[in-house]
Amino acid sequence: MENTYGTLVNDCAKFFVDSFWSDKAESGALTTGQRSSLLRRQEAEFRNRYGLSRSGRLVVARSSGVGEVVGVAGVEIGDVVAGKSPMDDVPIMSNLAVGKQSRRRGVGGKLINGVENVVTSWGSDWLYLYVETTNAKAIKLYKKKGYRECGLDKDAKSLVPLENGGLTSKKVVCKVMRKRINGSFFQKLFNT
Ligand SMILES: CC(C)(COP(=O)(O)OP(=O)(O)OC[C@H]1O[C@@H](n2cnc3c(N)ncnc32)[C@H](O)[C@@H]1OP(=O)(O)O)[C@@H](O)C(=O)NCCC(=O)NCCS
């Protein structure tokens, strides 16, 4: 069990590098050096967040044929520091990515449903997420799924795979969005 789950977490980290980070590469593709550096960081981050002894959970979408990973999303308990009302110990969704060949087929939406099911089983009322203000397609997806902006994080940082083969950390602005997952029909309708 430990080994199987450990392998799954590493597979998902590898998938995330190829689908999320290659999208961010200035040249449109990662160099071998950028890829191995990001893979090391991503495997460590995924083990730290979603390893067996951790409270975070990974939701994985697989192709119907050979069962290869086509999408991942993670959720864990954390603190939301930005926004009108900072919150401690709330569920935060992160690391959502769909493989390039599988996009615009509803996989992203289904992964979000899967994360919401996890949060429902935890009995939490709200699910939060951070998204860079420049990531228009993800913002459109989150809005379509009922997430609404509740603040801005102006102090966030993200790595950028540079055209010259390096990696640099850049300041970015993120929207904080949230959705009411549990609650009465009317509370959910108005997201209050
Ligand atoms: C954002 C991402 C997860 C969307 O996954 P997906 O499986 O393609 O999304 P879905 O097929 O479920 O799309 C649902 C809706 O989201 C919006 N959407 C998704 N991709 C879009 C795009 N490229 N352009 C415009 N709208 C888009 C649309 O409203 C779409 O509905 P429609 O297809 O009926 O128009 C995917 O593009 C991705 O992995 N991007 C790179 C990683 C990333 O940015 N992750 C988000 C981190 S916060």
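Helices and strands here are DSSP runs, with helices of at least four residues and strands of at least two, numbered from the N terminus. With that in hand, start the tour. The model is predicted.

**The whole chain**

Show the full cartoon. You should count five helices and six strands. Trace them from the N terminus and the order is α-α-β-β-β-α-β-α-β-β-α.

Now zoom out. The C-alpha atoms fill a box of roughly 50 × 40 × 35 Å along the principal axes. The radius of gyration is 17 Å, which agrees with the value near 16 Å for a compact globule of 192 residues. Of the 192 residues, 28% count as buried. Look also at how the chain comes back on itself: among contacts between residues at least 6 apart in sequence, 64% join residues at least 24 apart.

**The sheet**

Hide the helices and keep the strands. The six strands form an open sheet with mixed pairing. Read across it as β1-β2-β3-β4-β6-β5. The edges are β1 (57-62) and β5 (148-161), each pairing on one side only. From one strand to the next, the twist averages 30 degrees.

Begin at the β1 edge. β1 and β2 pair in the antiparallel sense, over six bridges. Select V60 and its bridge partner in β2, V72. Then find the turn. Six residues lie between β1 and β2 in this hairpin, and G67 in the turn has a positive phi of about 75 degrees.

Move to β3 and β4 (residues 126-132). This pair runs in the parallel sense, over two bridges. Select I92 and its bridge partner in β4, Y128.

Next comes β4 against β6. Seven bridges join these antiparallel strands. Pick L127, then K179 opposite in β6.

Finish at the β5 edge. β5 and β6 pair in the antiparallel sense, over 11 bridges. S158 stands opposite K170 in β6. Their hairpin has five residues between the strands, and G165 there takes a positive phi near 95 degrees.

**Helices on the sheet**

Bring back α2 (residues 32-50). This helix lies across β1, β2 (69-80), β5 and β6 (167-180). Its angle to β2 is about 55 degrees. Now add α3. That helix packs on the sheet and touches β1, β2, β3 and β4. The direction of α3 makes about 40 degrees with that of β2.

**A residue in β4**

Select L129. It is found in strand β4. Is L129 buried or exposed? L129 counts as buried because 23 C-beta neighbours lie inside 10 Å, and the cut-off for buried is 20 or more.

Show its surroundings. Beyond neighbours within four places in sequence, L129 is in contact with I92, M93, S94, Y142, Y147 and M177. You have already selected I92, the bridge partner of Y128. Now draw a distance from L129 to E149. The two are 20 residues apart in sequence and 9.5 Å apart in space, C-alpha to C-alpha.

**A residue in α1**

Go to S19, in helix α1. S19 is buried, with 21 other C-beta atoms within 10 Å. What does S19 contact beyond its neighbours within four places in sequence? Select A97, V98, G99 and K100 to see those partners.

Then draw the line from S19 to G151. These residues are 132 apart along the chain, and their C-alpha atoms are separated by 27 Å.

**The ligand**

Center on the ligand for the last stop. It is surrounded by 20 residues. Select the closest: R103, G108, G109, K137 and L141.

Color the shell by element. Those giving two or more residues are α1 (2-24), β3 (87-98), α3 (107-122) and α4 (136-144). Which element gives the largest share of the shell? The answer is α4, with five residues.

Then recolor by residue class. The shell divides into eight nonpolar, five polar and seven charged residues. Keep α1 and α3 in view as you finish. S19 sits in α1, α3 packs on the sheet, and both helices give residues to the shell around the ligand.

Key:
Residues are numbered from 1 along each chain as its sequence is written. This is a predicted model: local features need pLDDT of at least 70, side-chain atom pairs count only at pLDDT 80 or more; totals for chains, interfaces and linings use all residues. The radius of gyration is taken over C-alpha atoms; the globule rule is 2.2 Å times the number of residues to the power 0.38. A residue is buried if 20 or more other C-beta atoms lie within 10 Å of its own, exposed if 12 or fewer, and partly exposed in between; C-beta atoms are placed from the backbone. Two residues are in contact if their C-beta atoms, placed from the backbone, lie within 7 Å. A residue is near a molecule or strand if its C-beta atom, placed from the backbone, lies within 6 Å of it. Ala, Val, Leu, Ile, Met, Phe, Trp, Tyr, Cys and Pro count as nonpolar, Asp, Glu, Lys and Arg as charged, and the others, Gly among them, as polar. Two strands pair if DSSP finds at least two bridges between them. Axes are lines fitted to C-alpha atoms, for helices over the stretch in contact, and angles run from 0 to 180 degrees between N-to-C directions.
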